[in-house]
Amino acid sequence: MNILMVCLGNICRSPLAEGIMKAKLSGSFMVDSAGTISMHEGEHPDKRAIKTAANHNIDISRQKSRPITRKDFETFDKIYCMDIDVLEDVVSKTKNEEERQKVSLFLEALGDHKNAEVPDPYWGDMKDFEMVFQLLNKGCDAIINQISE
Ligand code: 4NP
């Protein structure tokens, strides 16, 4: 199973989600992340995201930001979007129902959080990054439960 995590810049939320998911999964899973904008293309994750992950013994320092591409809709089985704007943007790039079915809101896996969004910590501080980490950690557990059913 191939899983893609998507946020806006691919330097805060989705790199953390990728790192957390990779730490939880092994072998037959491929996990990657991307952004809907190319503004930060080629950059490593935000320093605060790297530090937050490191505080939980996860190394995301070698990841590099990239925008989502059309090919991703072939490569990936599941595409998880961090907020509704990102979801709408990603859905607008789909070409058919099969692709559309791959796309969902990341926190939807937490049943009681329908339409819930992972807040953007970019304009916040380390506390916001830690809160986002905790949310992503819960969401990843819920996704793993869902896909292993
Ligand atoms: P991310 O956070 O989508 O979680 O990577 C952001 C990163 C950069 C910007 C906004 C959000 N930006 O405006 O540059």
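The points below go through the sheet, its helices and several individual residues of this predicted model.

1. The sheet as a whole. Four strands form an open sheet in the order E2-E1-E3-E4, and their pairing is parallel. E2 and E4, the latter spanning residues 103–105, stand at the edges with a single partner strand each, so that one side of each has no neighbour in the sheet. On average, and with direction ignored, neighbouring strands of this sheet are turned by 25 degrees against each other.

2. Strand E1 and its two partners. E1 is mostly covered, since 5 of its 6 residues are buried, which means under 20% relative accessible area. E1 pairs with E2 in the parallel sense over 6 bridges, and the chain passes from E1 through H1 to E2 in a β-α-β crossover that is right-handed. With strand E3, residues 78–81, E1 also pairs in the parallel sense, here over 4 bridges.

3. Registry across the strands. A reader who wishes to check the register may begin at Leu-4, which stands opposite Asp-32 in E2 and opposite Ile-79 in E3. Ile-79 has in turn Val-103 as its bridge partner in E4, where E3 and E4 run parallel and are joined by 3 bridges. For Cys-7, the bridge partner in E2 is Gly-35.

4. Helix H4 on the sheet. Helix H4, residues 84–92, packs on the sheet and touches E1, E3 and E4. The direction of H4 makes about 170 degrees with that of E4.

5. Helix H1, its length and its surroundings. Does the end-to-end distance of H1 agree or disagree with the span expected at 1.5 Å a residue? The 12 residues of H1, residues 13–24, should span 16 Å at that rise, and the end C-alpha atoms lie 17 Å apart, which agrees. H1 is mostly covered, with 9 of its 12 residues buried, and these buried residues are Arg-13, Ser-14, Pro-15, Leu-16, Ala-17, Glu-18, Gly-19, Ile-20 and Met-21. The buried residues of H1 pack against two strands and two helices, namely E1 (2–7), E2 (30–35), H2 (47–55) and H6 (126–147).

6. The cysteines. A search of the whole structure finds 0 disulfides. Cys-7 is in no disulfide, and the nearest cysteine sulfur, that of Cys-12, is 6.9 Å away, whereas a disulfide would require the two sulfur atoms to be within 2.5 Å. Cys-12 is likewise in no disulfide, the nearest cysteine sulfur being that of Cys-7 at 6.9 Å. Cys-7 counts as buried because its relative accessibility is 1%, and Cys-12 counts as buried because its relative accessibility is 4%.

7. Two asparagines with positive phi. Most residues other than glycine have a negative phi, and two loop residues therefore deserve a look in this context. Asn-10, which is not a glycine, has a positive phi of about 55 degrees, and Asn-10 lies in the loop between E1 and H1. Asn-57, also not a glycine, has a positive phi of about 60 degrees and is found in the loop between H2 and helix H3, residues 72–75. Are these asparagines buried or exposed? Asn-10 is buried, with a relative accessible area of 2%, whereas Asn-57 counts as exposed at 75% relative accessibility.

8. Arg-100 and its contacts. Arg-100 lies in helix H5, residues 97–102. With a relative accessible area of 33%, Arg-100 is partly exposed, because that value falls between the 20% limit for buried residues and the 50% limit for exposed ones. Once residues up to four places away in sequence are left out of the count, Arg-100 touches Val-91 and Thr-94. Arg-100 and Phe-73, which are 27 residues apart in sequence, are 8.9 Å apart in space from C-alpha to C-alpha.

Key:
Residues numbered from 1 in each chain as written. Predicted model: local features only at pLDDT ≥ 70, side-chain atom pairs only at ≥ 80, totals over all residues. Heavy atoms only, no water. Expected span 1.5 Å × (residues − 1). Buried < 20%, exposed > 50% of the residue type's maximum accessible area, 1.4 Å probe, protein only. Contact = heavy atoms within 4.5 Å. Pairing = 2+ DSSP bridges. Right-handed = clockwise from strand over helix to strand, strands pointing away. Axes fitted to C-alpha atoms, helices over the stretch in contact; angles between N-to-C directions.
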